[in-house]
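Please describe this protein model for a reader who works with computed structures, taking the charged pairs before the packing of the interior.

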Amino acid sequence: MVLPGAAGRCRPPLSALSEVLRLERGRRAGLLFPLQRLARHLAPGADTARFGLFQPGLAALQRAEALFRSGRHHAIDYVSSAVRMDHAPPSALPEVCFVGRSNVGKSSLIRALFSLSPEVEVRVSKTPGHTKKMNFFKVGKYFTLVDMPGYGYRAPQDFVEMVEAYLQERQNLKRTFLLVDGVVGLQKTDHIAVEMLEEFGIPYVMVLTKIDRASRGLLLKNVLEIQEFVKEKTQGCFPQLFLVSALEYSGVHLLRCFVAHVTGNLPAVEAS
């Protein structure tokens, strides 16, 4: 989905790893690994095993970034939109999808992930529930990323039918990214989404958005509560949470790396 003049749009500060690496060490660590930085404020003796299960090195982060940077021989394109599975493009590549409550910041996060390729237009609306279709973005010959409609407030009437069909029928789906508002934590509608993913046996990971809007104390409270929920109540959820800010780019570089990893585009040794 490319708009006129998009190619000339400036890249946001800190969207590139090279810019982050110029920062002083403490701020750099907070941007790249916000969850681990948050863990430093836990009480002594607290279990931090789930805070660093996915901790890639610089080489893996750089390789992942290259996948999200379009070039002459590596096109990143909006492919199509669909309201039904028979309208979806062929499933030739590994695929990941992003799903969450309306107004959780899903499209803003996807735009941040693609910020190194400003010609890719991810529409972000101030109106909750604006995304009514499944939007497919092809990342070269490597993977496809799908922006799903939001659930809850102002969700499309056929949301359940659309999303359930996608989750059950998309054979190339490698991971679902379930976005949760980092300020308010898990809501009733989020629990329904978790139950659906668990019922279908879909591997997924929880991503806490808008962490720039939450105080450190509130964010830590929500993280600990959600981690406990994941540990006690889920089977298919990756044990580590991912914290992101689409505004400050905290956690965005790490999330790019995890997407590259789960789609099979990073050697396992680099992403361990």
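The structure holds seven salt bridges, a salt bridge being a side-chain nitrogen of Lys or Arg within 4 Å of a carboxyl oxygen of Asp or Glu. This is a predicted model, in which local features need pLDDT of at least 70 and side-chain atom pairs count only at pLDDT 80 or more, while totals for chains, interfaces and linings use all residues. Residues are numbered from 1 along each chain as its sequence is written, and side-chain values use heavy atoms, with hydrogens and water left out.

Three of these pairs are set out in the table, including one between Lys 106 and Asp 147.

| Salt bridge | Closest N to O distance |
|---|---|
| Arg 69 and Glu 65 | 2.8 Å |
| Lys 106 and Asp 147 | 2.9 Å |
| Lys 221 and Glu 225 | 3.3 Å |

Accessibility is described here by three classes: buried means under 20% relative accessible area, exposed over 50%, and partly exposed in between, with a 1.4 Å probe and protein chains only. Lys 106 is buried at 6% relative accessibility, and its partner Asp 147 is buried at 2%. This pair links distant parts of the chain, since Lys 106 belongs to helix H5 and Asp 147 to strand S4, 41 residues apart; helices (H or I, at least four residues) and strands (E, at least two) are DSSP runs, numbered from the N terminus. Lys 221 and Glu 225, by contrast, both lie in helix H8, four residues apart, or about one turn of the helix, and they are partly exposed, Lys 221 at 43% and Glu 225 at 46%. In the remaining pair of the table, Arg 69 is partly exposed at 32%, whereas Glu 65 is buried at 11%.

Helix H5 (residues 106-113) has six of its eight residues buried, so it is largely enclosed by the rest of the structure. Besides Lys 106, the buried residues of H5 are Ser 107, Leu 109, Ile 110, Ala 112 and Leu 113, and they pack against S2, strand S4 (143-147), S5, S6 and helix H9 (252-262).

Helix H8 (residues 216-233) has 18 residues and reaches 25 Å from its first C-alpha to its last, close to the 26 Å expected at 1.5 Å a residue, where the expected span is 1.5 Å times one less than the number of residues. Its buried residues include Leu 219, Val 223, Ile 226 and Phe 229, and their cover includes helix H3 (34-39), strand S5 (173-181) and helix H7 (188-200).

Val 223 also appears in the largest nonpolar core, a core of 45 residues in which Val 223, Met 134, Leu 178 and Met 206 are among those that touch the most other members. A nonpolar core is a set of buried Ala, Val, Leu, Ile, Met, Phe, Trp, Tyr and Cys residues joined through side-chain atoms within 4.5 Å. Apart from it lies another core, of 44 residues, among them Leu 17, Leu 67, Phe 177 and Ala 260.

Phe 137 lies in strand S3 and counts as buried at 2% relative accessibility. Its contacts (heavy atoms within 4.5 Å), not counting residues up to four places away in sequence, include Tyr 78, Phe 114, Val 122 and also Asp 147.

For the protein as a whole, the secondary structure comes to nine helices and seven strands, and 53% of the 272 residues count as buried.
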